[in-house]
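Please find below a short note on the model under review. It is arranged as numbered points for ease of reference.

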Amino acid sequence: MTFSDDFEISSMEELIELIDEVGFVPFFANEIEGFSIEEHIAPGCWYDDADEGFWSAWEWKGPVIRKMKCAYGKFLRNKAMYISPRWFPDFANFRRDGYDFDARYDDGLASFHDKELYELLDAKAPVMSKELKQAAGYGRNGKKGFDTMITRLQKQCYVITSDFRYATDKLGNAYGWGIAEYSTPEKFMGKKFTNTVYKRSPEESYARVVRQLKKILPDAEKQQIERILR
């Protein structure tokens with residue numbers, strides 16, 4: 001399957017099959033036409049037109065992540081994307097440029113505040129975003145810049161979203177928007193990730209990712225693909 005094909009995603013099971021087959025599935029429309037769930041979602045399965053009580057693509061996120069043990073985060077130009085367990089080690093390797101976080105910090109490539117937040121998250125993982133923000137001292141009357149840092153750590157593939165949880169009323173019914181739970185790939189994916197993430201050079205991993213994206217995006221120019229990977 002490619003994103004040039006005419007298809008619709010009408011169930012969580014179909015989304016799981018798509019992620020497993022193509023490896024990279026952005027949630028929102030982006031600069032490459034057709035390369036998103038938003039552009040292929042079946043009528044009635046997007047949040048703004050789903051009937052009450054009917055699961056939509058937004059509510060599939062947590063179950064898909066848990067079932068597949070896939071990566072989910074702001075990996076694509078600060079927009080969310082699913083990446084399959086098969087492809088995430090290569091993607092993380094080139095985004096990290098072969099560095100684990102300690103080595104990145106030691107070489108002066110990460111700030112003290114990023115290190116502080118990453119280490120707190122790693123110690124508490126899995127941790128809800130609200131809990132992490134509070135523990136780190138961010139918020140209305142505290143430090144600023146939490147969203148920028150957590151997005152940067154996701155872009156660098158040191159942090160992923162490991163679930164979405166919902167608030168519940170007195171009867172146990174979920175309501176509102178799902179709240180992100182964060183973890184590290186090392187803790188969420190385990191040895192399947194840690195044993196392979198640095199198996200190749202960052203350059204080899206990047207070339208593999210570009211080839212796969214070109215395969216599933218046959219109408220896209222290589223320059224377009226390289227641009228969205230920055």
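The points below concern the basis of the model, two buried residues and a charged surface patch.

1. The model is predicted; local features need pLDDT of at least 70, side-chain atom pairs count only at pLDDT 80 or more, and totals for chains, interfaces and linings use all residues. Residues are numbered from 1 along each chain as its sequence is written, and side-chain values use heavy atoms, with hydrogens and water left out.

2. Gln-212 belongs to helix α10 (residues 202-216), a helix being a DSSP run of H or I with at least four residues, numbered from the N terminus. With a relative accessible area of 9%, Gln-212 is buried (buried means under 20%, exposed over 50%, partly exposed in between, with a 1.4 Å probe and protein chains only). Beyond its neighbours within four places in sequence, Gln-212 contacts Glu-21, Val-22, Phe-24 and Trp-87; contact means heavy atoms within 4.5 Å.

3. Ala-42 sits in the loop between β1 (24-26) and α2 (57-68), where a strand is a DSSP run of E with at least two residues. Ala-42 is buried because its relative accessibility is 7%. Not counting residues up to four places away in sequence, Ala-42 touches Glu-8, Ile-9 and Ser-10. The C-alpha atoms of Ala-42 and Glu-8 are 5.2 Å apart, although 34 residues separate them along the chain.

4. Glu-8 also belongs to a surface patch of negative charge, together with Asp-5, Asp-6, Glu-13, Glu-14, Glu-17, Asp-20 and Glu-21 (patch residues have over 30% relative accessible area and no salt bridge, like charges being joined within 9 Å; a salt bridge is a side-chain nitrogen of Lys or Arg within 4 Å of a carboxyl oxygen of Asp or Glu). Glu-17, in helix α1 (residues 12-22), is exposed at 53% relative accessibility.

Technical notes: Patches are made of residues with over 30% relative accessible area and no salt bridge: like charges are joined within 9 Å, nonpolar side chains (Val, Leu, Ile, Met, Phe, Trp, Tyr) within 5 Å. Accessible areas come from the Shrake-Rupley method with a 1.4 Å probe; for residues, only the protein chains shown count as cover. Lys and Arg count as positive and Asp and Glu as negative; His and the chain ends are not counted. The place of a charge is taken as NZ of Lys, CZ of Arg, CG of Asp or CD of Glu.
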